Amino acid sequence: MKLICIGRNYADHITELANERPEEPVVFIKPDSAILPKGQDFYIPDFSDNVHYEVEVLVKIKKVGKHIAEKFAHTYYDEIGLGIDFTARDVQSKLKEKGLPWEKAKGFDGAAVIGAWYLKTDFKDVNDLDFSLLKNNETVQVGNTRLMLWKIDELVSYVSRFFTLKKGDIIFTGTPSGVGRIAANDYLSGILEGKTIFTLKVK
Ligand code: ZN
C-alpha cells in the first residue's frame with residue numbers, strides 16, 4: 001500500500017480572502033515503511049534537529065480506481081482518520097533549495113502516524129470536520145476540512161489521474177497552519193470531531 005500526501009492544502013486567512021489557490025495540488029508519496037507501528041513512541045531521527053508535526057485528516061481507499069470522476073470519488077472511501085505527517089524541516093529546506101525530492105525529509109521510518117479509523121457516516125459531513133493537535137495538552141493546530149483548497153473528493157479524483165488507487169491506500173490531505181517543532185518527551189494527541197484519534201510520545 002502507499003501513502004499519498006497532499007502539500008499545502010489549507011489557505012491562511014489572507015490567501016483565503018484573496019480567493020486564490022495554487023494551480024494544482026502538491027503531491028508526494030511516503031513508503032509504507034514510514035508508518036509508525038500502533039502504540040509505539042516516535043523517535044526523533046538522528047539526521048534532523050527540526051522535526052515538525054503536521055496534523056492531517058486521512059482518507060482510506062476501499063477499492064481499486066484510476067481516473068476516478070469527482071462525482072464518483074465518494075464511492076472509493078468509507079473511512080476517515082487523523083494522523084501526522086512528520087517532516088524533518090531542516091532536511092526538507094536543504095532539499096527544496098536544491099530543487100531535490102523530499103523523500104528523506106518526509107518518508108523516513110515513523111514519519112507517518114495513522115490513528116483510529118471512523119466510518120464517514122459517523123460524521124455529518126466530511127467537508128466540515130473539526131480537527132486539532134495538542135502538544136503537551138495545549139492546542140497547537142486547529143483545522144476544519146471546509147478550509148481545504150481541494151476537498152476530499154477532488155483529491156481522490158486528482159491523484160487517481162497519476163496513481164492507480166488501491167484498497168488500503170491512505171491519502172494525507174494536508175495540514176492547516178500552526179506546524180511546529182517537537183522535542184523529546186513531548187506528548188501529542190489528535191482530535192477529530194471531539195474524538196481522540198491518536199496519542200503519541202516523542203523520544
Ligand atoms: Zn503534510
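**Exercise 1. Overall architecture**

Task: State how many helices and strands the protein chain has, and describe its dimensions and burial.

Solution. The protein chain holds 4 helices and 14 strands, where helices (H or I, at least four residues) and strands (E, at least two) are DSSP runs numbered from the N terminus. The model is predicted: local features need pLDDT of at least 70 and side-chain atom pairs count only at pLDDT 80 or more, while totals for chains, interfaces and linings use all residues. Residues are numbered from 1 along each chain as its sequence is written, and side-chain values use heavy atoms, with hydrogens and water left out.

Step 1, dimensions. The radius of gyration is 16 Å, close to the 17 Å that the globule rule gives for 203 residues, so the protein chain is as compact as a globular protein of that length. This radius is taken over C-alpha atoms, and the rule is 2.2 Å times the number of residues to the power 0.38. Along the principal axes, the C-alpha atoms fill a box of roughly 45 × 40 × 35 Å.

Step 2, burial. Of the 203 residues, 49% count as buried; buried means under 20% relative accessible area, exposed over 50%, and partly exposed in between (1.4 Å probe, protein chains only).

Step 3, contacts. Among contacts with a separation of 6 or more, 77% join residues 24 or more positions apart; contact means heavy atoms within 4.5 Å.

**Exercise 2. The zinc site**

Task: Which residues are the protein donors of the zinc ion, and how are the donors spaced along the chain?

Solution. Step 1, donors. Glu54 (OE), Glu56 (OE) and Asp85 (OD) lie 2.0 to 2.1 Å from the zinc ion. Donors are N, O and S atoms within 2.8 Å of the metal (3.2 Å for Na, K and Ca); water is not among the atoms, so sites may look incomplete.

Step 2, spacing. The pattern along the chain is E-x1-E-x28-D.

Step 3, exposure. Glutamate 54 is buried at a relative accessible area of 7%, and glutamate 56 is buried at 0%.

**Exercise 3. Nonpolar cores and helix H4**

Task: Which residues have the most contacts inside the largest nonpolar core, and what covers the buried residues of H4?

Solution. Step 1, the core. The largest nonpolar core has 49 residues, and those with the most contacts inside it are Phe42, Ile80, Ile84, Phe86, Val156 and Leu192. Such a core is a set of buried Ala, Val, Leu, Ile, Met, Phe, Trp, Tyr and Cys residues joined through side-chain atoms within 4.5 Å. Helix H4 (residues 152–159) gives the largest share of this core, 5 residues. A second, separate core of 9 residues includes Leu3, Ala112, Ile114 and Phe172.

Step 2, one core residue. Not counting residues up to four places away in sequence, isoleucine 80 touches a set of residues including Val57, Trp117, Phe123, Ile152 and Leu192.

Step 3, H4. Of the 8 residues of H4, 7 are buried: Ile152, Asp153, Leu155, Val156, Ser157, Tyr158 and Val159. Their cover includes strand E1 (3–7), strand E2 (26–30), E4, E5 and E11.

**Exercise 4. A three-stranded sheet and a hairpin**

Task: In what order do the 3 strands of the open sheet lie, and how do E13 and E14 pair?

Solution. Step 1, the sheet. The order is E6-E3-E12, with antiparallel pairing; two strands pair if DSSP finds at least two bridges between them. Strands E6 (87–88) and E12 (180–181) are the edges, each pairing on one side only.

Step 2, one pair. Strand E3 (residues 51–53) and E12 share 2 bridges, and tyrosine 53 stands opposite glycine 180 in E12.

Step 3, the hairpin. Strands E13 (residues 187–192) and E14 (residues 195–201) pair in the antiparallel sense over 6 bridges. Glycine 190 has phenylalanine 198 in E14 as its bridge partner. The hairpin has 2 residues between the strands.

**Exercise 5. Positive phi and loop residues**

Task: Where do asparagine 185 and lysine 63 lie, and what is the phi of glutamate 193?

Solution. Step 1, the reference. Most residues other than glycine have a negative phi.

Step 2, the phi values. Glutamate 193, in the loop between E13 and E14, has a positive phi near 50° and is partly exposed at 30% relative accessible area. Asparagine 185, in the loop between E12 and E13, has a positive phi of about 80° and is exposed at 66%.

Step 3, lysine 63. Lysine 63 is in the loop between strand E4 (55–61) and strand E5 (77–85), and is partly exposed at 34%. Its C-alpha atom is separated by 5.9 Å from that of tyrosine 76, 13 residues apart along the chain.
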